[in-house]
Structure formats: structure tokens, C-alpha cells
Amino acid sequence: SLVMCGTLLFGCGCSSSKTDNASATADNTKVNVFIAASLSNAMDEIAENYKKTDENVDLVFNADSSGTLKTQITEGASCDIFFSAAEKQMNELNDGGYIEDGSVVPLLENKVVLIKGKGVETSVTGFDNITSAKNIALAGEDVPVGSYSREIFTNMGILDDVMSKDVNECANVTAVLTAVAEGSNEVGVVYATDAASNKDVKVLAEAPADALKTPVIYPVAALKKSKNKDAADKFVKFLQSEKALKVFRSYGFTI
């Protein structure tokens, strides 16, 4: 199963925390943290901070869409902590008996925004006229930001019009951001924090409040089958500390 997990981690282009492997010993506790792709930058910085708190723990991040991570967990991947970009996937795992009882913490909130590439010409000014774009990058509907995007378009009454356009369905929010930043797609829908992290994109508009009624909540929890419960619980607690929350704020998340 270790080999399988290694393949999963490698296969989805995840980033493990920047730990000094040379100083890692066999005694170190490895904690597998499955994180929504939009958390990658913040979590890398938090991992560096955490090393000063507990140098005997090696945090290994598996970053992808929350839907993909949920599937990996249900298929038996070794996971100690799940940090989702939506409550839906967390609730499904909780209902399925995968989550440690009472351990879910709704920690962060994000916004959904429409972006274009910095040098790209577009007549699109907001969600209401997104269909005037030649092509659009959207995350798949099982990806939280893809689900939020479709909720926005549905409530605006334009879902069919949008989906009839040339839509690049991406595996996760990072792929949407890359497609727009590189100019492969004219516009795309991502989280505000992703847009803020990339100098090659420009925010055209934030999702209208009446179009996105589901709050973009990021819950975190320890897994029931975690082999390192104490270390997992300790890190979940650290994520709620002012030291960690300060990092999340610096990346644009709301606590």
C-alpha cells in the first residue's frame, strides 16, 4: 500500500512539504495530509513553521481536487488528515464513517472569481457576459470550484449557454489557473486566493452574492483510520493556532 500511495502522490503532481530529508530519521512520524489544490502555497509555508514546533513529524501533502482526494480516501489510500475546499466532500466522508467523530473544523472561507490572463484581450467584464468569451477554463463538476461555478451559472440562468461554449474542463483549480495564466483560455473561474497568488492573471469580477448561495468553506478533520492519531490531532490543532491563521490570511483566506 505504501507503493500505491507513492504512485498516487507522484501521479497527481502533489507537493510534499519542504522538509530536510537528510535530517529525517526512521523515528520520525509521517503524517499524510490530503489538501485541496488551492491550499498548496499556504500549507507549504505552514509546514515550514510547523517543523520548528515538532521536528519529529514529517508532513507529506497530497494536493488535488477535493473530489479526487475523497475518492482516493474511499479507495483505501493512506491518509491521516483531510483538508477540503468544500463541505460536500467532507460530509460524504463523515457520513461514510471515515472521519474521526467530532473532529471536523470549518476553518477557512474563500471567494469565487472570474479571471483573464494579464495580456489577454477580452470583452468579458463579469459573470453575466462570460459567454462572449471564445473559450472558458472551468474545473470539472466534481471539483468544488467547478461545482460552485455551475451553481453560479445555474442561479444566473446561463448554465446551458456557458456549457455550450468551448469549455476546457480541468482536473482542479490549479489547472484552471495555469490554463488562463498561459493564455490557453480567454477566461476562467478560480478562487480569489489562487488569483492573488499568480501575477499573470487579472480578476474581472467576484461571483455575485445572490448567485453563489453556498459559502466556500474549507473544513479540516482527522481520519478515523489514521495510524498516527496523536500527531494528526496535534497538527489539526496547530492549523487553528494564530501562527497558522496568520499565514492563511496572508494568502487571502478569511478565517
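Let's start with a salt bridge: the side chains of Asp54 and Lys234 meet with N and O 3.2 Å apart. Asp54 sits in the loop between α2 and β2 (57-64) and Lys234 in helix α9, so this pair ties together parts that are 180 residues apart in sequence. Keep in mind that this is a predicted model. From here we'll go through the salt bridges, the helix contact, the aromatic rings and two residues around the start of α5.

**Salt bridges**

- A search of the whole structure turns up nine salt bridges, and the Asp54–Lys234 pair is one of them.
- The two partners in that pair sit in different settings: Asp54 counts as buried because its relative accessibility is 13%, under the 20% cut-off, whereas Lys234 is partly exposed, with a relative accessible area of 41%.
- Glu186 bridges to Lys134, with the closest N and O atoms 3.3 Å apart.
- That pair also links distant parts of the chain: Glu186 is in the loop between α7 (173-181) and β8 (187-191), Lys134 is in the loop between β5 and β6, and the two are 52 residues apart.
- Is Glu186 buried or exposed? Glu186 counts as buried, at 7% relative accessibility.
- Its partner Lys134 is exposed, with a relative accessible area of 62%, so Lys134 clears the cut-off of over 50%.
- Glu242 pairs up with Arg249, and here the closest N and O atoms are 2.8 Å apart.
- Arg249 is partly exposed, at 41% relative accessibility.
- Lys70, Lys88 and Glu92 are joined in a network of salt bridges.

**Where α2 meets α9**

- Helix α2 (residues 40-53) and helix α9 (residues 229-239) have axes that come within 11 Å and cross at roughly 115°.
- The crossing of α2 past α9 is right-handed.
- Which residues make the contact? On the α2 side they are Met43, Ile46, Asn49, Tyr50 and Thr53, and on the α9 side Ala231, Lys234, Phe235, Phe238 and Leu239.
- Sorted by type, the residues of this contact come out as seven nonpolar, two polar and one charged.
- Lys234 does double duty, as a contact residue of α9 and as the salt-bridge partner of Asp54.

**Aromatic rings**

- The whole structure holds nine aromatic pairs.
- One pair is Tyr50 with Phe235: the ring centres are 4.9 Å apart and the planes are at 65°, so the pair is edge-to-face.
- Tyr50 belongs to helix α2 and Phe235 to helix α9, so this pair ties together parts that are 185 residues apart in sequence.
- Tyr50 and Phe235 are both buried, and both are on the list of contact residues between α2 and α9.
- Phe127 and Phe153 make a tilted pair, with 6.3 Å from centre to centre and 45° between the planes.
- Phe127 lies in the loop between β5 (112-117) and β6 (135-139), and Phe153 lies in helix α5 (residues 144-156), so the pair ties together parts that are 26 residues apart in sequence.
- Phe127 is buried, with a relative accessible area of 2%, and Phe153 is buried too, at 0% relative accessibility.
- There's also a cluster: ring pairs link Phe83, Tyr148, Tyr191, Tyr218, Phe248 and Phe253.

**Gly140 and Ser147**

- Gly140 is in the loop between β6 and α5, and Ser147 is in helix α5.
- Gly140 is buried, with a relative accessible area of 10%, whereas Ser147 is partly exposed, at 32%.
- What does Gly140 touch, leaving out residues up to four places away in sequence? The neighbours are Gly146, Ser147, Arg150, Glu169 and Cys170.
- By the same count, Ser147 touches Gly140 and Glu141.
- Gly140 and Ser65 are 75 residues apart along the chain, and their C-alpha atoms are separated by 9.4 Å.
- Ser147 and Ala86 are 61 residues apart in sequence and 9.5 Å apart in space, C-alpha to C-alpha.

Conventions: Residues are numbered from 1 along each chain as its sequence is written. This is a predicted model: local features need pLDDT of at least 70, side-chain atom pairs count only at pLDDT 80 or more; totals for chains, interfaces and linings use all residues. Side-chain values use heavy atoms; hydrogens and water are left out. Axes are lines fitted to C-alpha atoms, for helices over the stretch in contact, and angles run from 0 to 180 degrees between N-to-C directions. Helices (H or I, at least four residues) and strands (E, at least two) are DSSP runs, numbered from the N terminus. A crossing is left-handed if the near helix is turned anticlockwise from the far one by less than a right angle, and right-handed if clockwise. Contact means heavy atoms within 4.5 Å. Ala, Val, Leu, Ile, Met, Phe, Trp, Tyr, Cys and Pro count as nonpolar, Asp, Glu, Lys and Arg as charged, and the others, Gly among them, as polar. Rings of Phe, Tyr and Trp (its six-membered ring) pair if their centres lie within 6.5 Å; planes under 30 degrees apart count as stacked, over 60 as edge-to-face and the rest as tilted. Buried means under 20% relative accessible area, exposed over 50%, partly exposed in between (1.4 Å probe, protein chains only). A salt bridge is a side-chain nitrogen of Lys or Arg within 4 Å of a carboxyl oxygen of Asp or Glu.
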